[in-house]
Amino acid sequence: MRKAGVLLPIFSLPSKYGIGSLGKEAYNFIDFLVESGQSVWQILPVTSTSKKEYYSPYKTNGAFSGNYDFIDIDILIEEGLLSFDFINSINISNYKTDPRYVDYDKVRDLKQKILYKAYENFIIGKLYEEEDYIDFSNKNSFWLDEYCEYMSLRKINGGKAYWEWEKVGNFQELCKEKDDQLMKDYKNLFDYHKFLQYKFYDQWLNLKKYANENGVEIFGDIPIYISQDSSDFYFHKEMFLIDKDGEPSSISGVPPDAFSSEGQCWGNPLYDWKYLSADKYDWWIKRIKKSLEIYDILRIDHFRGFESFYSIDKSTENAKLGEWMKGPGKDFFDTLSKEVPNANIIAEDLGLITDEVRELLDYTGFPGMKVIEFAFDSDSNNLNLPHRYYKNTVAYTATHDNMTLLEWLENKANTSEMEYAQKYLRLESYDKYTEAFIRAVLGSCSDLAIVPIQDWLDFGSWARINTPSTIGINWKFRLLEGEINKKLIEYISEISGIYGRYFER
């Protein structure tokens, strides 16, 4: 079946609290997908984020955690965990932001004030004794307790990453302090973070159920690497390449490429694949199983890292001087296929792709990705040209890391790439050039075609989600109320129908 979907991160949804949430607007977006004949909603990772990492969804506090910034306040009010009187008592003007962009610092200050009140009411009502909460705690104990411990210790240590902690470094040290107030603070923080995870997962799974009942699949994303400032690294350093002090000996990144002439130093710890192999990839299997509980389709970012990964010396952080090292390859995917049969996985196979990576992708049978913005820098043999696509792929106008189509057109004006695109797509035939790109992607033979909402709306550079190798300016774009309207639904429906991708309910 030919499918079509829209890429829109959760944080980009409209909301009166400064960031998208799992509430009404998320349900409305699913209704919009249904009305426009779409069958897939692609999002970005929904794990918890850190101010230290500029709130990047690809740098999480815990690989299994949920982003508590997405917890919907109105649902908590409906559940009786918050009152309108309390919400109205907050001077919202102190947290006013530009509705077009997320101001994460203000959002977190506001929502933490509100969420903590909900937690207090949760404790007062002894809702932690209810079966749902107990089941959640037990089912997720393999990651939840460590995550809550890490987040609590980090808060006690001033919100700093573990290598900057000056008070206590673990629960055992905390006990030795024999400080009743410190222990009370820790217990309260621990329970608070468990509450946040409980409410995130509760709201998320209800939203996913609604999507699935309406014929919409949730297309999620996990980065191959995790952050050093995370419960995963802190409690499981044996899984990573570390030095004698237990710190990363080398870090992740990529060499110079089309995104950056200097290469990119991502800074994540690198896996010790020999250790993980001996452990039958237990942590990874659990991670993928958990991801497939919350997503219907799972994209693994930086798939090529399973064949070979780029290692950068931590002391220099110089991406130009890194080296490629062998990954686990087929052995990992053989184990995965046994433990998680028929996993619906998409491989992010962009960037520098070697014959060995292509061979591994063919071996797994996972669909790869095609991006039309990469199509016009060579000749008719370019694998990103729509006539070169094949069924077992996902076709994109652009990903979250790319320019919007309109930005691409503005940047490529008067270049050979633009000239080739004009000839290939007959751009002069369209009122807006972006439509030609969208039609080519939806008209391709790829099983699934994804178009970011910004491209459907013909938005420019100001609506870009992420610019690789930059910090502080990303993950902020938001839709405004009214931008999803009948005219847009008719536009998407018509083009999707022409190319056999309109999903009839």
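Angles here run from 0 to 180 degrees between N-to-C directions, with axes fitted to C-alpha atoms. The model is predicted.

Start with helix 1, residues 24-35. This helix lies across strand 1 and strand 2 (40-42), and its direction makes about 135° with strand 2.

Next, select the sheet to which these strands belong. It is an open sheet of 8 strands with parallel pairing, in the order 9-6-3-2-1-12-11-10. Strand 9 (345-347) and strand 10 (368-371) each have a single partner strand, so one side of each has no neighbour in the sheet. From one strand to the next, the twist averages 25°.

Within this sheet, show strand 1 (residues 3-7) and strand 12 (residues 448-452), which run parallel and are joined by 5 bridges. Gly-5 has Ile-450 of strand 12 as its bridge partner. Then add helix 16, residues 433-443: it packs on the sheet, touches strand 11 (393-396) and strand 12, and runs at about 160° to strand 12.

Move to the open sheet of 4 strands, ordered 5-4-7-8 and paired antiparallel. Its edges are strand 5 (264-269) and strand 8 (323-326). Neighbouring strands are turned by 50° on average, direction ignored. Strand 4 (residues 250-254) pairs with strand 7 (residues 308-313) over 2 bridges; Ser-250 stands opposite Asp-313.

Finally, select helix 4 (residues 104-124) and helix 8 (residues 180-213), whose axes come within 10 Å and cross at roughly 100°. Helix 4 is therefore roughly perpendicular to helix 8. Contact residues include Tyr-116 and Phe-122 of helix 4, and Tyr-192 and Phe-195 of helix 8. By class, the contact has 9 nonpolar, 2 polar and 1 charged residues.

How values were computed
Residues are numbered from 1 along each chain as its sequence is written. This is a predicted model: local features need pLDDT of at least 70, side-chain atom pairs count only at pLDDT 80 or more; totals for chains, interfaces and linings use all residues. Side-chain values use heavy atoms; hydrogens and water are left out. Angles under 35 degrees count as roughly parallel, over 145 as roughly antiparallel, 65 to 115 as roughly perpendicular and the rest as oblique. Contact means heavy atoms within 4.5 Å. Ala, Val, Leu, Ile, Met, Phe, Trp, Tyr, Cys and Pro count as nonpolar, Asp, Glu, Lys and Arg as charged, and the others, Gly among them, as polar. Two strands pair if DSSP finds at least two bridges between them.
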